[in-house]
Amino acid sequence: MDYIALANDVGLEALAALNNVDSQAKLEEFYVAYLAKKGSISTLMNHMREVPDKAAYGAAVNKVRQEVSAKYEEKKSVLAKVALNKRLEEERIDITLPGSATSFGHINPYRLIIDEVTDIFLDMGYEVCEGRDVESDRFNFELLNVPKDHPSRDMQDTFYFGDDYLLRTQTSAAQAHKMCEMKEKKPIRMIAPGKAYRRDDDDMTHSHQFAQIEGLVVDKDISIAHLKATLELFAKKMFGQKREIRLRSSYFPFTEPSVEVDVSCFSCGGKGCNMCKGTGWIEILGAGMVNPRVLESCGYDPNVYSGFAFGVGVERVAMLRYGIDDIRRFYQNDFRFLKDYPVK
Ligand code: DAH
């Protein structure tokens, strides 16, 4: 057998195969087939034992290996260049295109309302109190004159942690905290903005999570005239100097008497339109004189102190102010929605 011819044939076959290689992946296959340890050029050396003229055969195999390796290296560098050019082309950055502007964050419109209301009451000398989202049954209900079997609990079902803790259903809980915290029972003027939660099915006007701003004033000789004057000033600052308010009698367990407060419609000025459903008035909050039972439970002597309280639904005010028709929009984290409101 002509071993040298065999080696040369393998060499020619390898060069022909290399000619057809047109990608880095195929080049890899080629290497494995011919030049790697078990490739057909490397295995030519296995014949050494049978070959009569070992020196000549060895030299022939080496020549084949060198030739094929040289061509392989050439091909390798050509393909690397092609791949690099392709990448450069694909990743080319057109520096003449206009840059993309950094987008700024936006403040959620309900936060804008909280800030605005807070400013109005800070100007009137109120302090801002932090309430807590996880509340005890005692502060959310009991101290506010809503005992365990009270029917108003039905409307304020919420998320419970065992029997005693819950996600608060109203920021009113912050009133009870403030009164109880006061070691010396001194006058109070506070607002408490924050979240509240109820086990409501979400729809256009209900959200299981929403925001309220609670207000509480406790002092000697506080009357419903103070309540009315305060809320009138608030309504004018919030909705315009021409606004008036009216009080309608209502019921809340923690106030006595209780009222719903309406503001004259800021869209039609009181003539009647879609916004106010033709009535000229828009309901904005609940309020009342602090129930003496609440004062007493929280350590204030109702014979010495009296007070008023109110609770504003933040999303409702934001919806009225900005013409938003669905409460769920506040919580969907849709940047397109937020972009409609001022950056501040
Ligand atoms: N907590 C009431 C609610 O969630 C709102 C409210 C009404 C708060 C009257 C008050 C108040 O402080 O006096 O429906």
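A strand, labelled E, is a DSSP run of at least two residues, numbered from the N terminus. Keep that in mind as you click around, and remember that this model is predicted.

**Stop 1: Glu-135**

Select Glu-135, which sits in strand E2. Is it buried or exposed? Glu-135 is buried, yet it has no salt bridge. The nearest side chain of opposite charge belongs to Arg-132, 4.4 Å away. A salt bridge needs a side-chain nitrogen of Lys or Arg within 4 Å of a carboxyl oxygen of Asp or Glu, so the pair misses out at 4.4 Å.

Now show the side chain of His-177: it makes a polar contact with the side chain of Glu-135, at 3.0 Å. Leaving aside neighbours within four places in sequence, Glu-135 is also in contact with several other residues, including Asn-140, Tyr-165 and Arg-168.

**Stop 2: Arg-168 and Asp-133**

Stay with Arg-168 and add Asp-133. Their side chains meet in a salt bridge, 3.8 Å from N to O. Arg-168 lies in the loop between strand E4 (165-167) and helix H6 (173-181), while Asp-133 is in the loop between strand E1 (127-128) and strand E2 (134-136), so the bridge ties together parts that are 35 residues apart in sequence. Try a surface view too: Arg-168 is buried, at 2% relative accessible area, whereas Asp-133 is partly exposed at 28%.

Next, pick Asp-137, Glu-142, Lys-148 and Arg-153 together. Salt bridges with shared partners join these four into one network.

**Stop 3: two more salt bridges**

How many salt bridges does a search of the whole structure find? The count is 18. For one of them, select Glu-91 and Arg-87, whose side chains meet at 3.5 Å, N to O. Glu-91 counts as exposed, at 52% relative accessibility, and Arg-87 is partly exposed at 49%. Then try Arg-92 with Glu-89, another salt bridge, at 3.7 Å from N to O. Arg-92 is exposed, with a relative accessible area of 63%. The general idea behind such pairs is that side chains of opposite charge can pair when their charged atoms come close.

**Stop 4: the ligand**

Click on the ligand. Which residues around it come nearest? Of the 15 around the ligand, they are Gln-170, Ser-172, Arg-198, Gln-212 and Glu-214. Zoom in on some of these side chains:

- Gln-170 has a side-chain N or O atom 2.8 Å from a nitrogen atom of the ligand.
- Ser-172 has a side-chain N or O atom 2.9 Å from a ligand nitrogen.
- Arg-198 puts a polar side-chain atom 2.8 Å from an oxygen atom of the ligand.

Taken alone, the ligand exposes 350 Å², and the protein buries 90% of that.

**Stop 5: helix H9**

Select residues 314-322, which form helix H9. Colour Val-314, Glu-315, Val-317, Ala-318, Met-319 and Leu-320: these are buried. What covers them? The cover includes helix H4 (109-123), helix H7 (224-239) and strands E6 (209-219), E9 (281-290) and E10 (306-313). Just after H9, look for Gly-323, which has a positive phi, near 65°.

**Stop 6: Pro-109**

Last, go to Pro-109, in helix H4. Pro-109 counts as buried, at 0% relative accessibility. Not counting residues up to four places away in sequence, it touches Ala-318, Tyr-322, Ile-324, Phe-330, Phe-337, Leu-338 and Tyr-341. Finish by selecting Lys-339 as well: Pro-109 and Lys-339 are 230 residues apart in sequence and 9.9 Å apart in space, C-alpha to C-alpha.

Conventions. Residues are numbered from 1 along each chain as its sequence is written. This is a predicted model: local features need pLDDT of at least 70, side-chain atom pairs count only at pLDDT 80 or more; totals for chains, interfaces and linings use all residues. Side-chain values use heavy atoms; hydrogens and water are left out. Buried means under 20% relative accessible area, exposed over 50%, partly exposed in between (1.4 Å probe, protein chains only). Helices (H or I, at least four residues) and strands (E, at least two) are DSSP runs, numbered from the N terminus. Contact means heavy atoms within 4.5 Å. A residue is near a molecule or strand if one of its heavy atoms lies within 4 Å of it. A polar contact is a pair of N or O atoms within 3.5 Å; within protein, one must be able to donate a hydrogen and the other to accept it, and residues adjacent in sequence count only if both atoms are side-chain atoms. Accessible areas come from the Shrake-Rupley method with a 1.4 Å probe; for residues, only the protein chains shown count as cover. Lys and Arg count as positive and Asp and Glu as negative; His and the chain ends are not counted.
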